[in-house]
Amino acid sequence: MRRSIVQTITTLAVVAAALSVGCTTEKIVYRSGSNFVAPPGSAKSFVGYSDETSKQTVCGGCHVDAQSRWVTTKHASAWNTLSTSGSMQGYCQGCHTVGAYGNAATDTTVGWNGSKDARYHDVQCESCHGAGLTHASSPTSSNRPLASIKADTNLTTGCGECHSGTHNPFVQEWRLSGHSKTATLTATIKTNTYCQTCHTAQGALVAWGVSSNYAEKADTGSALLSTVCAVCHAPHGSANAKQLRFPVTTANTETNLCMKCHQRRSNVDITTTSGAHSPEGPTLLGTAGWFPPGMSPADSLIGSHGNTDRNPNLCATCHVSRNTITDKATGKFVFQSTGHRFLATPCVDANGQPTESQTCTVSAQTFRSCVASGCHASETAARSAFTTADARIATLATTLSTLVTQAKAKKPTDFVASAPMNTGRGSAFNVTLAQKAGASVHNPFLIEQLLLGSIKQIKIDYALP
């Protein structure tokens, strides 16, 4: 089979000429694409590699950018990883080759499983996009096989067909996380495009400038997806570890992957009386909250958790902690926790495996991520530091909340959205900031000083005892 690529080259000089005389002569360059050998019939229209040695896929002959990024990923070496692992089993091969896993194919005897041809080694384009022979033979916009970005909770298509099971339960853990429910929290999300930029997969990808096409791109309303794998991970590869779209190591709310969403309303919004909303990033970096007199964002308090010298992975250090769980009685493998429930200190069972329910007491939580990071010498030390800070901040937040109630009774007009910024509104905001889950861990030093400063100032401004 032969493809032809038509390339139009228009130089700046030609453009300039067009502006001056009103016409152009474009130079059309025709270049023959390389042949690819027809795939075996048993592969059922999956085309695979045109050259396995150089990792050149048939699809990549035209989709050069995707090919150049994909070849740097672990997907491109999946077969070698399995072959050299010493654990090669027939049932493993389906996830290390091109076949029915990851795409909409329901016939399991396609690609590698149908042919056992080496051209289907590794997790290639068609693993997600599906059979490509029709499009490769005569490419049109109507026959292009679009990939789905659904994580798929039924594990019958998408990332979940391979990234699941006791050794790699990424999707099973994600399913139990808050990320899997971001699009279903409120009805407002279905119509509010601002909310959608963080609560939906489609909205986030648009906001982040991702122009790639995919099956669910045009979906709206109830069809909007929650924060699926493809929001954080670039399927074709990226310059960041784990194919992440943005790094997790930058102390910047605009470039840090987690903070791109976990930064909303971290400071008082003069147009609303609503409190803090997803302020974790700025809290970690010491810039969240209303700064009472004597404090300034310029004097931001950055705790050890927000210090990239001591904690280079920032949010991910604690929230994406991977652990191997073994049976305490036998020492045998039980479960590989991938950290994709994003719980920093999860409730665990007797073996240390995170439980589905997360309503336990602090004593039943594991603080192993605090130890694995090197920040704390033991789980006991980490737990003690947490309970001390949490109790201190809870007490201060309760005190300030009582004062805010008293101030509101004295001067209710200070607490409406139309009121100019004042100590009452700022103090009320700081209460909500302190009461956000994890605030006492993300930056106990900042939160404590904000509360102390607010308590002092609200007593003065409202003549409270």
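1. Aromatic pairs: a search of the whole structure, which is a predicted model, finds five aromatic pairs. Rings of Phe, Tyr and Trp (for Trp, its six-membered ring) pair if their centres lie within 6.5 Å, and planes under 30 degrees apart count as stacked, over 60 as edge-to-face and the rest as tilted.

2. One of these pairs joins Tyr49 and Trp70, whose ring centres are 6.2 Å apart and whose planes stand at 55°, so the pair is tilted. Tyr49 belongs to strand S3 (residues 49-51) and Trp70 to helix H2 (residues 64-70), and the pair thereby links distant parts of the chain, 21 residues apart; helices (H or I, at least four residues) and strands (E, at least two) are DSSP runs, numbered from the N terminus. Tyr49 counts as buried at 3% relative accessibility, and Trp70 likewise counts as buried at 5%, where buried means under 20% relative accessible area, exposed over 50% and partly exposed in between (1.4 Å probe, protein chains only).

3. The rings of Trp79 and Trp112 also form a tilted pair, because their centres lie 5.0 Å apart and their planes are at 55°. Since Trp79 lies in helix H3 (residues 78-83) and Trp112 in helix H4 (residues 111-115), this pair ties together parts that are 33 residues apart in sequence. Both Trp79 and Trp112 are buried.

4. Charges over rings: Lys260 lies over the face of Phe246, at 4.4 Å from the ring centre, while the charged end of Arg264 sits over the ring of Tyr194, 4.3 Å from its centre. A charge sits over a ring if NZ of Lys or CZ of Arg is within 6 Å of the ring centre and within 35 degrees of the ring normal.

5. Basis: residues are numbered from 1 along each chain as its sequence is written, and side-chain values use heavy atoms, with hydrogens and water left out. In this predicted model local features need pLDDT of at least 70 and side-chain atom pairs count only at pLDDT 80 or more, whereas totals for chains, interfaces and linings use all residues.
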